[in-house]
Amino acid sequence: MCYRKAVQGILIVLSFTWMTNCGALELGLGDWQAHGFVSQGYTLTSNYHVFGQSRNGGSLDFTEVGVNVLGHITPNLLMAAQGLYRSAGGSDNEDFRLDFANLDYHTSIGDRAIAGIRMGRVKNPFGLYNDTRDVVWTRPGVMMPQSVYFDSLALRQAMISSDGGVLYGRYAFGDHALTTEFVVSEPLDDQGGATAFLTGIPNVQGHLEGRPLFVGRMGYEWREGRFKLLFSVVDLDRDFESKTPGLPSGNIKAFYPLASAQLNLEDWSFSAEYGQVTTVRSGFIPGGGTIENTSESFYVQAQYRFMPDWSALLRYDSFTANIDDRDGESTARLTGLPKHSFYARDLTIGLHWEFLQNWLLVSEYHSVWGTAWLSPADNPDLGTRTGPERWDMFSLMLSYRF
């Protein structure tokens, strides 16, 4: 199965190379262009599975292929859309999807400000990377910091886009700029593992409905992003309609504030993000009670561009499932699971090499303590067996874009 997917990925790479001749496709209609990418990953782990059956020889079940088109209908009205094929083991098996598709209208307000609105399937503006991480070229490595972006828990699609609208604005003065974005939308929480994540119940059956999703992000930039500060918030309030026998329906509230900072120098980039997710679950809790829990996510990261086509990555990433039980000991006593099921500390080193025009090879090694962000779909015995606290992962991804 994995080798079949790899062969498919290689054939797609060769097809794209032949079709595009290393450049964007001009569509012959004004400034309309098509761009695309195809990426094939390899993952090898020591004790657990990530993106497929990654132990004992590794997994090739991590493929991303996207094609997007964009162009202006009028000088102030832009249309953009992207179709995506993505497979990432049990973390993402939805294959083909509409990643985003929207109309974007903006207007100038005086000499310093612009305001705009984006409607359709829009990317959610959240943190430093959420609205740019759909392709490995714009990610700091093969994998995003899992404490903040939760790809391995099958939340990629629910986090990255939603159906609704974004109001945005930017005010610039000298080297400084203030930005703001606000989303009201219908979340894609019926995709991937969002329902299981929000209810806290693996393999739960049912769907979420109710109040729209609110996402906000405001920021300060100096010299077009040489230095930036961002503050983002996700506010979710959904009713859970249970289809699981014996499990009543209920309500889930989630509030996720995230603070972000980034400094981009000539050869170095430094990034850090810190957030807490507070969830309140009621109605489907045994005894009819309410459970409130706050988790903690943060990472610090350095990237060093030591040659024109090479850069190196060093990152420390930390996730704690319950800030009132940082070592997981109390929760382990209640659940019978190992205490390292409730945290993950990930030390990552990596290399990024653009070895030919439009070709990229990214590699990284992870030394991880804890299993909190491992996918139950890839590790179905995670809740029953006692595995080690520390484990290793090596990831490699080859990518071509046009």
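Is Asn-56 buried or exposed? Asn-56 is exposed, with a relative accessible area of 75%. This is a predicted model. The points below cover paired strands, an unusual loop, salt bridges and a nonpolar surface patch.

**The loop between strand 2 and strand 3**

- Strand 2 spans residues 33–45 and strand 3 spans 62–74.
- Two residues in the loop between them deserve a look: Phe-51 and Asn-56.
- Phe-51 has a positive phi of about 55°, although it is not a glycine.
- Asn-56 also has a positive phi, near 55°, and is likewise a residue other than glycine.
- Most residues other than glycine have a negative phi.
- The two residues fall into opposite classes of accessibility: Phe-51 counts as buried, at 3% relative accessibility, whereas Asn-56 is exposed at 75%.
- Asn-56 is classed as exposed because its relative accessible area of 75% lies over the 50% cut-off.
- Phe-51 is classed as buried because its 3% lies under the 20% cut-off.

**Strands 2, 3 and 4**

- Strand 2 pairs with strand 3 in the antiparallel sense, over eight bridges.
- Within this pairing, Gln-40 has Thr-63 in strand 3 as its bridge partner.
- Strand 3 also pairs with strand 4, residues 77–88.
- That pairing is antiparallel too, and it runs over twelve bridges.
- Val-65 stands opposite Tyr-85 of strand 4.
- Strands 3 and 4 form a hairpin, with two residues between them.

**Strands 6, 7 and 8**

- Strand 6 covers residues 113–123 and runs antiparallel to strand 7.
- Eleven bridges join strand 6 to strand 7.
- Met-119 has Gly-165 in strand 7 as its bridge partner.
- Strand 7 is joined to strand 8 by twelve bridges, again in the antiparallel sense.
- Asp-163 stands opposite Glu-186 in strand 8.
- Strands 7 and 8 form a hairpin with two residues between them.
- Gly-174 sits in that turn and has a positive phi of about 65°.

**Salt bridges**

- The whole structure holds 21 salt bridges.
- Side chains of opposite charge can pair when their charged atoms come close.
- Asp-175 and Arg-223 form one of the salt bridges, at 3.4 Å from N to O.
- This pair links distant parts of the chain, 48 residues apart.
- Asp-175 lies in the loop between strand 7 (161–173) and strand 8 (176–187).
- Arg-223 lies in the loop between strand 10 (213–222) and strand 11 (227–242).
- Both partners are partly exposed: Asp-175 has a relative accessible area of 39%, and Arg-223 has 43%.
- Glu-186 forms a salt bridge with Arg-238, with the closest N and O atoms 3.0 Å apart.
- This pair also links distant parts of the chain: Glu-186 is in strand 8, Arg-238 is in strand 11, and they are 52 residues apart.
- Glu-186 is partly exposed, with a relative accessible area of 37%.
- Arg-238 is buried, with a relative accessible area of 1%.

**A salt-bridge network**

- Glu-64, Arg-86, Asp-92, Arg-97 and Arg-139 are joined into one network by salt bridges that share partners.
- Within this group, the side chains of Arg-97 and Asp-92 meet in a salt bridge at 2.9 Å, N to O.
- Arg-97 and Asp-92 are both buried.

**The nonpolar surface patch**

- Which residues form the nonpolar patch on the surface? They are Leu-44, Val-300, Leu-314, Tyr-316, Leu-347, Ile-349, Tyr-365, Trp-369 and Phe-394.
- Together these residues have about 750 Å² of accessible area.
- Three elements give two or more residues to the patch: strand 15 (310–320), strand 16 (343–356) and strand 17 (359–370).
- Leu-314 is a patch member that lies in strand 15.
- Leu-314 is partly exposed, with a relative accessible area of 46%.
- Leu-314 can therefore count towards a patch, because its 46% is over the 30% relative accessible area that patch residues need.

Conventions: Residues numbered from 1 in each chain as written. Predicted model: local features only at pLDDT ≥ 70, side-chain atom pairs only at ≥ 80, totals over all residues. Heavy atoms only, no water. Patch = residues over 30% accessible without salt bridge, like charges linked within 9 Å, V, L, I, M, F, W, Y side chains within 5 Å. Areas by Shrake-Rupley, 256 points an atom, 1.4 Å probe, with all protein chains shown as cover. Salt bridge = Lys/Arg side-chain N within 4 Å of Asp/Glu carboxyl O. Helix = DSSP H or I, 4+ residues; strand = E, 2+ residues; numbered from the N terminus. Buried < 20%, exposed > 50% of the residue type's maximum accessible area, 1.4 Å probe, protein only. Pairing = 2+ DSSP bridges.
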